[in-house]
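Thanks for coming. I have one structure to go through today, so please look at the screen.

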Amino acid sequence: MSSSGIDISQLSDSEKSALETYTAVTGQEPSEAIPLLRRSQWNVQIAISKFFDGEGPDPVEEARAALNTPPPPRTNRQTQNLMTDDLHATLSQTTRAADPAPQVVTQPESQPVYRPPFILALLFTPLNILYRLLCSSFRLFGALFPFLPRLFNTTASSALQGTWRNTNGRRPLGPKDTASRFIREFEEEYGVNPLPFLENGYNMALEKAHKDFKFLLVVLLAPEHDDTNGWVRDTLLSREVVDFVNDPQNDVVVWGGNVQDSETYQVANSLRCTKFPFAAAIVHTPNVSSTAMSVVSRISGTTSPSEFVEKLRSAISQHKEPLERIRATRAEQQVSRSIREQQDSAYERSLAIDRERARQRREAEAARQREEQEAAERQAAEEKRAQDLQRWKRWRAQTIPDEPKADKDAVRVSIRLPSGERVIRKFAPEADVEELYAFVECYDILQESQEKSTDVEKPDEFEHQYGFQLVSPMPRVVYEVGAGGSIQEKIGRGGNLLVESIDNESDEES
């Protein structure tokens with residue numbers, strides 16, 4: 001929730017979308033944008049127009065106030081001399097409210113320009129020439145009698161004021177291309193241009209001046225006017241004016257146009273230009289409205305460089321202090337926003353580090369649990385194998401035949417166990433070599449109980465493998481259990497055997 005008590009989360013999706021569009025175009029804070037959007041019924045186009053043109057009085061509120069308050073006292077009507085407009089404007093700048101700076105509707109750059117077929121253009125050439133002659137005559141009368149354009153502007157409707165027809169053969173272009181053409185023609189006519197003309201349309205220049213809190217100097221030129229060339233060379237391009245405009249402390253941006261172009265013609269009508277050459281200073285006026293751009297000075301006709309600079313300096317000095325306050329507030333907001341962004345960035349980095357550490361801890365814990373589980377499984381498998389091996393020994397011990405006593409053909413074998421103990425035993429001559437291995441494997445079981453048990457069953461799913469081999473020392477002969485054969489065939493009437501561990505022997509060979 002903001003400081004003004006406005007909760008953005010309570011807005012609907014359409015209202016949030018309108019707020020994002022409005023703030024993206026105007027750069028205004030949400031705390032100031034939401035009340036303006038509410039007064040505009042959440043219409044983005046109306047709110048943007050109020051932002052740049054200034055918010056006029058609400059007719060509904062005026063009607064309510066008229067019902068509750070008595071009518072104001074009648075005042076004497078004052079007349080104004082058109083020939084002394086500039087003088088009155090200079091003397092009453094401190095008392096007269098600034099006029100709102102208008103916006104103009106220009107042709108989109110993507111809109112194609114209609115060109116009639118060549119045959120139709122040829123057929124209507126006489127009418128076109130006659131129309132141009134009539135327009136030239138009207139312009140001549142307008143130059144001779146300056147009150148005629150003012151009278152036309154005050155009596156004509158707004159639709160007629162914005163009407164413009166291309167009667168001079170200039171190709172209509174988009175706002176940016178029109179500005180580029182004006183700068184190119186200006187440099188071709190007057191040489192190197194020392195003034196920083198903006199290469200954008202009027203609306204974009206107005207928006208830039210509002211965004212950067214600068215003064216917009218609008219210069220309107222009429223090439224057909226007799227005083228245009230002399231005023232540009234002697235006043236506009238003079239060293240005094242150029243230095244004042246280019247001084248960074250004055251915060252001035254310049255936009256210029258040719259009234260033969262549609263956009264400049266509409267700007268001239270909107271600024272109530274009645275005499276050429278014409279210049280106007282436009283600036284953001286926070287005392288009128290938080291979003292208003294107002295015309296604070298008009299310079300009509302031929303003026304000297306000192307008069308031109310003095311009028312600009314007077315307008316700038318009167319409105320620079322509010323701009324400085326707003327600029328300082330904006331700088332503080334920017335610093336606060338930058339600090340918040342840095343804090344958010346540091347917080348995000350801290351969260352990322354914490355998440356990485358938590359992930360590493362989880363992975364280490366998972367690896368430890370996995371190792372413990374594998375160790376437990378190995379231990380369980382070893383214990384089960386040891387149990388199965390012990391059970392197999394008991395089962396195999398009960399199947400080993402007894403030692404023959406009186407058989408003179410019995411094979412006498414001396415076996416040296418890994419513990420160093422020597423065992424001497426007789427085996428039947430036809431007994432398999434595996435009997436020797438089984439006797440050695442089950443020797444400890446045979447020693448434990450003298451009586452054989454017959455109730456032990458062979459363990460299921462257990463494959464027994466002997467971990468040793470019987471070897472004759474000299475000459476060295478290995479009697480493998482898998483080779484088969486009887487004891488008499490392999491050993492003869494008797495022999496000495498050693499029990500060697502297969503693992504130990506493999507270690508020695510390796």
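I will start with the whole chain, then take the salt bridges, and end with the surface.

Keep in mind that this is a predicted model. The chain has 510 residues, and 34% of them count as buried. It holds 19 helices and 10 strands. If you take contacts between residues at least 6 apart in sequence, 70% of them join residues at least 24 apart. The accessible surface is about 32,200 Å², with 52% of that belonging to carbon and sulfur atoms.

Now the salt bridges. How many does a search of the whole structure find? The count is 17, and I will show three.

The first pair on my list is R327 with E324, where the closest N and O atoms are 3.1 Å apart. Both residues sit in helix α15, residues 305–397, and they are three residues apart, about one turn of the helix. In general, an α-helix has 3.6 residues a turn, so residues three or four places apart point the same way. R327 is partly exposed at 24% relative accessibility, and E324 is partly exposed at 37%.

Next is R396 with E434, at 2.6 Å from N to O. This pair links distant parts of the chain: R396 belongs to helix α15 and E434 to helix α16, residues 433–441, with their positions 38 residues apart in sequence. Is R396 buried or exposed? With a relative accessible area of 9%, against a cut-off of under 20%, R396 is buried. E434 is partly exposed, at 21%.

Then there is D409 with R493, at 4.0 Å from N to O. D409 is in the loop between α15 and β6, and R493 is in the loop between α18 and β10, so the pair ties together parts 84 residues apart in sequence. D409 is partly exposed at 38%, whereas R493 is exposed at 51%. Going back to R327 and E324, shared partners join them with D251 into one network.

Last, the surface. A nonpolar patch is formed by F118, I119, L120, L122, L123, F124 and L127, with about 820 Å² of accessible area together. Helix α6, residues 118–123, gives the largest share, five residues. F124 is in the loop between α6 and α7.

There is also a patch of negative charge, made by D455, E457, D460 and E461. E461 lies in the loop between α17 and β8, and at 85% relative accessibility E461 counts as exposed.

That is what I have; questions are welcome.

Definitions and conventions
Residues numbered from 1 in each chain as written. Predicted model: local features only at pLDDT ≥ 70, side-chain atom pairs only at ≥ 80, totals over all residues. Heavy atoms only, no water. Patch = residues over 30% accessible without salt bridge, like charges linked within 9 Å, V, L, I, M, F, W, Y side chains within 5 Å. Areas by Shrake-Rupley, 256 points an atom, 1.4 Å probe, with all protein chains shown as cover. Salt bridge = Lys/Arg side-chain N within 4 Å of Asp/Glu carboxyl O. Lys, Arg positive; Asp, Glu negative; His and termini not counted. Charge placed at Lys NZ, Arg CZ, Asp CG, Glu CD. Helix = DSSP H or I, 4+ residues; strand = E, 2+ residues; numbered from the N terminus. Buried < 20%, exposed > 50% of the residue type's maximum accessible area, 1.4 Å probe, protein only. Contact = heavy atoms within 4.5 Å.
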